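Thanks for making the time this morning. I would like to walk through one model with you, going sheet by sheet and then on to the cysteines and the enclosed space.

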Amino acid sequence: MNRDDALALDGADVLAPLRDRFQLPDGLIYFDGNSLGALPIGVAERVADVVTQQWGHDLISSWNVNGWMAAPRRVGDKIAPIIGAGPGEVIVGDSTSVNIYKLLSAAVAMRPDRKVIVTEQNNFPSDSYVIASVAKQHGMEVHYLDLDDPTTPLDTNVAIVCLTHINYRTGAMHDLASITARVHAVGALMFWDLAHSAGAVPLALSDCDVDMAVGCGYKFLNGGPGAPAFAYVAKRLQNDVHHPITGWLGHAAPFDMSDQFIPALGIDRITVGTPSIVSLVALEAALDAFDGVDMADVRAKSLALGDYLIELVMHRCDGYGLSLASPIDSQRRGSQVSFVHEHGFPVVRALADVGVLGDYREPGIIRFGLTPLYARFCDVYDAVDRLSEILRTERWREPQYAVRGAVT
Ligand SMILES: Cc1ncc(COP(=O)(O)O)c(C=O)c1O
């Protein structure tokens, strides 16, 4: 296992040319695309155009002439093939947290006689918090179940099952198809949070008959900091979805300025207020990085990168207090590999100091997001080389690495 092996793997990588679709700082190894995707080429120019020409010159007429009004739907249609959804099933806007609230509230109202929301332990905080709020508002119970265990029972009191497909800490991935089928077998609705899945792994929402889903625009979709999120509702359900944030742009005819809310038909009713056009245009341009990309190739490379990283860490970092927090079985892993270390935070900071950007999550989790569109096998090799050196020399003990910013 030397660097030449890594270079040979890069030489055989069918996705290697896609790295040129991104603007990456020289010499930096970027393993944090699960948190903020890198900047795709062309985004800066499109954003400059929307600001200087469309906003600066065309001004208010841009809502019509530059397609601003249609942007949430248009960008949704661009995300749809990446997640295995159809046209008109995805809309972009708001944050993932807000979309969870909107869709979950609508879902529980669609099963009024059922009193249970099922979710999981160790979910992302927003998911847990919003599920608790919705349950409280609707007088429901929240049950925390392990649905990876096929013997875990579900019953007809369950209104909705709300899970995060790929866990943000460990990268562990649920079996979306089989869990969705079990949930439907008891007449409940299935809601997936795809924050760490969209753009990272192949998804087949339509084929799996998923009811509702949400996900982030700024992670593996590379839409930029605070990019708007997406919401998916299966076409067959859309006109039964009544979410509680009934803003004017979810209205069937917003410019009638009617006193009474009449929801738009289809996915448009998920929209609330004025779309964030600059961010939407950035996300739209960023999605060009997926043009012609086969998600099966993305998955194959992601698994190979993850397996290579684990193998190198086990070989080179043994005895330094690092243990694997992700599933060793690559089929059960998303596009992220996490390790746990008692001093994970200063280790991550020391790594950043030598040009390897991963990130840290409590408790003790070191996360490496592997974005197959731009991560290379030689990056994995070099990152582990530097990690083993930091652990061997205990460089992470230097006091500057203990200082925490607002974001870890
Ligand atoms: C799994 C998951 N769900 C929800 C969110 C929240 O997204 P937002 O901050 O866009 O509301 C995140 C953010 O990282 C996440 O990882």
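Val-340 stands opposite Ile-365 in strand S15, and I start from that pair in this predicted model so that we can build outwards from it. The two strands concerned are S12, residues 336-340, and S15, residues 365-369, which run antiparallel and are joined by five bridges.

If you step back from that pairing, you will find an open sheet of four strands, with antiparallel pairing, in the order S11-S12-S15-S14. Its edges are formed by strand S11, at 323-324, and strand S14, at 359-361, each of which pairs on one side only. Helix H9, which covers residues 295-316, packs on this sheet and touches S11, S12 and S15, and its direction makes about 25° with that of S12.

Let me stay with S15 a little longer, and ask how many of its five residues are buried. Five of the five are, so S15 is largely enclosed by the rest of the structure. Looking at the side chains in turn, Ile-365, Arg-367 and Gly-369 point one way from the strand, whereas Ile-366 and Phe-368 point the other way, and all of them are buried.

On its other pairing, S15 meets S14 in the antiparallel sense over three bridges, and here Asp-359 stands opposite Arg-367 in S15. These two strands, S14 and S15, form a hairpin with three residues between them, and Gly-364, which sits in the turn, has a positive phi of about 75°.

Now to the other sheet I want to show. Seven strands form an open sheet with mixed pairing, and their order is S4-S10-S9-S8-S7-S5-S6. Strand S4, at 90-92, and strand S6, at 141-144, are the edge strands, each pairing on one side only, and from one strand to the next the twist averages 20°.

Within this sheet, strand S7, residues 158-164, pairs with strand S8, residues 189-193, in the parallel sense over five bridges, and if you would like a cross-strand pair to look at, Leu-163 stands opposite Trp-192 in S8. At the S4 side, helix H4, residues 71-83, lies across S4 and strand S10, which spans 230-233, and the helix runs at about 130° to S4.

For those of you thinking about the cysteines, how many disulfides does the structure hold? The count is zero. Taking Cys-216 as one case, it is in no disulfide, and the nearest cysteine sulfur, that of Cys-162, is 13 Å away; Cys-216 is also buried, with a relative accessible area of 4%. Cys-378 is likewise in no disulfide, with the nearest cysteine sulfur, that of Cys-317, lying 17 Å away, and Cys-378 is buried too, at a relative accessible area of 6%.

Finally, a word on enclosed space. Rolling a probe the size of a water molecule over the atoms shows where empty space is left. Here the count comes to two cavities of 30 Å³ or more, and the largest of them holds about 40 Å³ of space. Which residues line that largest cavity? They are Arg-19, Leu-24, Leu-28, Ile-29, Tyr-30, Phe-31, Tyr-374, Ala-375 and Asp-379.

Terms used
Residues are numbered from 1 along each chain as its sequence is written. This is a predicted model: local features need pLDDT of at least 70, side-chain atom pairs count only at pLDDT 80 or more; totals for chains, interfaces and linings use all residues. Side-chain values use heavy atoms; hydrogens and water are left out. A disulfide is a pair of cysteine sulfur atoms within 2.5 Å. Buried means under 20% relative accessible area, exposed over 50%, partly exposed in between (1.4 Å probe, protein chains only). Two strands pair if DSSP finds at least two bridges between them. Axes are lines fitted to C-alpha atoms, for helices over the stretch in contact, and angles run from 0 to 180 degrees between N-to-C directions. Contact means heavy atoms within 4.5 Å. On a 1 Å grid over the protein atoms alone, a cavity is a set of points where a 1.4 Å probe fits but cannot get out, and a pocket is an open set with protein on both sides within 12 Å along at least five of seven lines; lining residues have an atom within 4 Å of a point. Grid points are joined across faces, edges and corners, and a volume is the space filled by probe spheres set on the points.
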